[in-house]
Amino acid sequence: MATYHGNVTSMAQRAPDAAAAPVIRTIGFAELGRALRRGWEDFKAVPSHAILLCVIYPVLGLVLARAVLGYSVIPLLFPLAAGFALIGPFAALGLYEMSRRRERGEPASAWHALEVVRSPSFGAMLGLGVLLLALFATWVATAQAIYIAAFGYAGVTGFSDFVTRVLTTPQGWWLIVVGCGVGFLFALVALCISVVSFPLMLERHASAADAMVTSLRAVAHNPVPMAAWGLIVAVLLVAGTLPFFLGLAVVIPLLGHATWHLYRETIEPELDPQPFPPRAHRERKPAADFPANLFPWRRRE
């Protein structure tokens, strides 16, 4: 009898957790198209703010490319472009906030996008972002090792020389097959753990572990649409890098906004949403008291 009572108690304790777990919807290609259309509408509504938030990422791509191999960056241009898919979910945090605010009819600007730092789950977002950044660095190092295994340490004389090596030699064909296969594995890991993780943490203040579990459940529940979404992200990111990474200033905000709407299509709305905690009140101190207000205990005395 005691054992039965303990089992009932254990089940009662687990019930709230099971009830609180996000409900995953079944989606299809129509939902993917709708998410992209709504993401484009968000980008058109606040294009200057989106470009302001994302202009650093094309610059970051060029800086990373130069830092890795100096002037000989051509062999890693494609890995760097594909690598944006790994860190993009974290880089688009401000875009999720702008889409969330527009969805609720609230003002959406670059300043409002910074409200993400007030989220109770901001530390969890940073933790998952560091994980994605480590995954990105590992991918770049792996891509460089694959290229060296195929062609050695000899540099390329130009873009045409690199294209000729890759497309017309057995080593180049091996590089394409192995590189794309390994890159697919990295992209699959990033997709599975982050496709809805950051929007979930932003809206529901979930922990990083809960968000990743929900993301894995969403991918397992919709494997074909999620695979298609990953392919869409990869194609758009590669297309955005063609004009010297400048196209990413449009592609990244588009995908960021669209990811928020994909989250909306995939996860059932929360019945009792939790608002952001109120900003802590700060006592204003006059500038005339500047030396004294550094030592408040003396003023009390």
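**Figure 1. Helix α10 and the nonpolar surface patch.** In this predicted model, helix α10 gives the most to a nonpolar patch, with three residues. The patch lies on the surface and is formed by Leu167, Trp173, Ile176 and Val177. Together these four residues have about 410 Å² of accessible area. Trp173 lies in helix α10. Is Trp173 buried, partly exposed or exposed? Its relative accessible area is 47%, so Trp173 counts as partly exposed; the buried class ends at 20% and the exposed class starts over 50%.

**Figure 2. An aromatic pair between helices α8 and α10.** The structure holds six aromatic pairs. One of them joins Trp139 and Phe186. Their ring centres are 5.6 Å apart, and their planes meet at 50°. Why is this pair called tilted? Planes under 30 degrees apart would be stacked and planes over 60 edge-to-face, so an angle of 50° falls in the tilted class. The pair links distant parts of the chain. Trp139 sits in helix α8 (residues 122-151), while Phe186 sits in helix α10 (residues 170-194). The two are 47 residues apart. Trp139 is buried, at 6% relative accessible area. Phe186 is buried too, at 14%.

**Figure 3. A tilted pair within helix α8.** Here the rings belong to Tyr147 and Phe151. Their centres lie 5.3 Å apart, with the planes at 45°, so this pair is also tilted. Both residues lie in helix α8. They are four residues apart, about one turn of the helix. An α-helix has 3.6 residues a turn, so residues three or four places apart point the same way. Tyr147 is buried, as is Phe151. Which residue joins Tyr147 and Phe151 in one aromatic cluster? Phe162 does.

**Figure 4. The bend in helix α5.** Helix α5 covers residues 77-91, 15 residues in total. From first C-alpha to last, α5 reaches 19 Å. That is close to the 21 Å expected at 1.5 Å a residue. Where does α5 bend? The bend is at Ala85, by about 40°. A proline, Pro89, follows within four residues.

**Figure 5. Buried residues of helix α5.** This view returns to α5 to show its buried residues. Among them are the prolines Pro79 and Pro89. The list also includes Leu80, Ala81, Gly83 and Phe84. Leu86, Ile87 and Ala91 are buried as well. Pro89 thus appears in two views: it is buried, and it follows the bend at Ala85 within four residues.

Terms used:
Residues numbered from 1 in each chain as written. Predicted model: local features only at pLDDT ≥ 70, side-chain atom pairs only at ≥ 80, totals over all residues. Heavy atoms only, no water. Phe/Tyr/Trp six-rings, centres within 6.5 Å; stacked < 30°, edge-to-face > 60°. Buried < 20%, exposed > 50% of the residue type's maximum accessible area, 1.4 Å probe, protein only. Expected span 1.5 Å × (residues − 1). Bend = angle between axes of the 7 residues up to and from the residue. Patch = residues over 30% accessible without salt bridge, like charges linked within 9 Å, V, L, I, M, F, W, Y side chains within 5 Å. Areas by Shrake-Rupley, 256 points an atom, 1.4 Å probe, with all protein chains shown as cover. Salt bridge = Lys/Arg side-chain N within 4 Å of Asp/Glu carboxyl O.
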